[in-house]
Amino acid sequence: MRYVTLTDVFVHPIAQKYLKRSGLAHAIAVAYHAYRLALHHGVNADLATKAALLHDIGHYTWYKNGQWDYEQYKQNDIHAIKGAERAHKLLIRLGEHPQNAKEIALAILLHTDSYLPDGEWKRKPLQSIVKWADEADEEPGGRHHYRTISDDLAFKKISQLDELVDRHLGKKRLDDII
């Protein structure tokens with residue numbers, strides 16, 4: 001049962017603000033990677049694509065003298081913490097099931113090791129999917145955050161991914177059933 005679609009998330013002003021700040025083309029690419037990985041590993045594709053789409057909404061832009069400072073970002077950023085909080089709040093506002101919102105937020109929280117203490121971390125399958133999907137789209141120096149996509153094409157790709165998830169789940173939205 002899908003309570004909230006990717007399109008519902010994408011069109012919300014909060015998502016628009018932070019997805020564009022952190023790289024909309026990257027977020028969409030990661031969502032597609034997560035879909036493929038979720039199918040391959042038997043993970044809930046609905047939760048995986050939402051977590052992947054929102055995985056970087058906690059980014060802060062690290063600039064020094066008007067230029068992006070990737071090294072400062074790598075040393076000081078805790079975007080996964082802020083992103084997990086933003087995603088959880090957004091999903092709850094949109095009507096996502098609270099347990100789903102929590103699982104998505106935890107996957108966002110654990111999608112990167114950049115702020116975690118050294119050591120081995122055992123991730124749940126959804127958390128691993130989001131990490132792997134993000135890694136599949138990375139480019140040196142953080143360039144993946146600067147690829148561009150038009151709003152129209154972004155909406156089209158999100159809508160298409162929604163259709164794939166719906167088809168895979170074989171279910172409709174709660175609103176369509178009631």
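In this predicted model, Arg86 sits over the face of Tyr18, 3.6 Å from the centre of the ring. Aromatic rings pairing with one another are a separate matter, and here the count comes to one aromatic pair. The partners are Phe10 and Phe155, whose rings are 6.3 Å apart centre to centre, with 45° between the planes, and the pair is classed as tilted. That pair ties together distant parts of the chain, with Phe10 in helix H1 and Phe155 in helix H9, 145 residues apart. The two rings differ in how much surface they show: Phe10 counts as buried because its relative accessibility is 4%, whereas Phe155, at 37%, counts as partly exposed.

Stepping back to the overall layout, the protein has 10 helices and two strands. Along the sequence these run as α-α-α-α-β-β-α-α-α-α-α-α. Of its 178 residues, 48% count as buried. Links across the sequence are well represented too: take the contacts between residues at least 6 apart in sequence, and 72% of them join residues at least 24 apart.

Next comes the nonpolar interior. The largest nonpolar core holds 42 residues, and the members that touch the most others are Val9, Leu19, Leu53, Leu54 and Ile108. Helices H1 (6-11), H2 (13-22), H3 (24-41), H4 (45-54), H6 (79-94), H7 (98-109), H8 (125-136) and H9 (151-169) each put in at least two residues. Helix H3 gives the most, with nine residues. Leu19 shows what such a position looks like up close: leaving aside residues up to four places away in sequence, Leu19 touches Phe10, Leu24, Ala27, Leu53 and Ile57. Phe10 turns up here again, having already appeared as the buried member of the aromatic pair.

Helix H8 is worth a look in its own right. Its 12 residues reach 16 Å from the first C-alpha to the last, close to the 16 Å expected at 1.5 Å a residue. Which residues of H8 are buried? They are Leu126, Gln127, Ser128, Ile129, Val130, Lys131, Ala133 and Asp134, a list that includes Lys131 and Asp134 alongside Leu126 and Ile129. These buried residues pack against H3, H4 and H7.

The loop between H8 and H9 is home to His144. Is this histidine buried or exposed? His144 counts as buried, because its relative accessibility is 6%. A polar atom of the His144 side chain lies 3.0 Å from the backbone nitrogen of Glu139. Glu139 is also among the residues that His144 touches, the others being His26, Asp137 and Glu138, again not counting residues up to four places away in sequence.

Finally, helix H9 brings the two ends of the numbering into the same picture. Asp166 lies in this helix and counts as partly exposed because its relative accessible area is 25%. The C-alpha atoms of Asp166 and Met1 are separated by 9.4 Å, although the two residues are 165 residues apart along the chain. Right next to Met1 in the numbering, Arg2 joins in as well: the side chains of Asp166 and Arg2 make a polar contact of 2.7 Å.

Technical notes:
Residues are numbered from 1 along each chain as its sequence is written. This is a predicted model: local features need pLDDT of at least 70, side-chain atom pairs count only at pLDDT 80 or more; totals for chains, interfaces and linings use all residues. Side-chain values use heavy atoms; hydrogens and water are left out. A nonpolar core is a set of buried Ala, Val, Leu, Ile, Met, Phe, Trp, Tyr and Cys residues joined through side-chain atoms within 4.5 Å. Buried means under 20% relative accessible area, exposed over 50%, partly exposed in between (1.4 Å probe, protein chains only). Helices (H or I, at least four residues) and strands (E, at least two) are DSSP runs, numbered from the N terminus. Contact means heavy atoms within 4.5 Å. Rings of Phe, Tyr and Trp (its six-membered ring) pair if their centres lie within 6.5 Å; planes under 30 degrees apart count as stacked, over 60 as edge-to-face and the rest as tilted. A charge sits over a ring if NZ of Lys or CZ of Arg is within 6 Å of the ring centre and within 35 degrees of the ring normal. The expected span of a helix is 1.5 Å times one less than its number of residues. A polar contact is a pair of N or O atoms within 3.5 Å; within protein, one must be able to donate a hydrogen and the other to accept it, and residues adjacent in sequence count only if both atoms are side-chain atoms.
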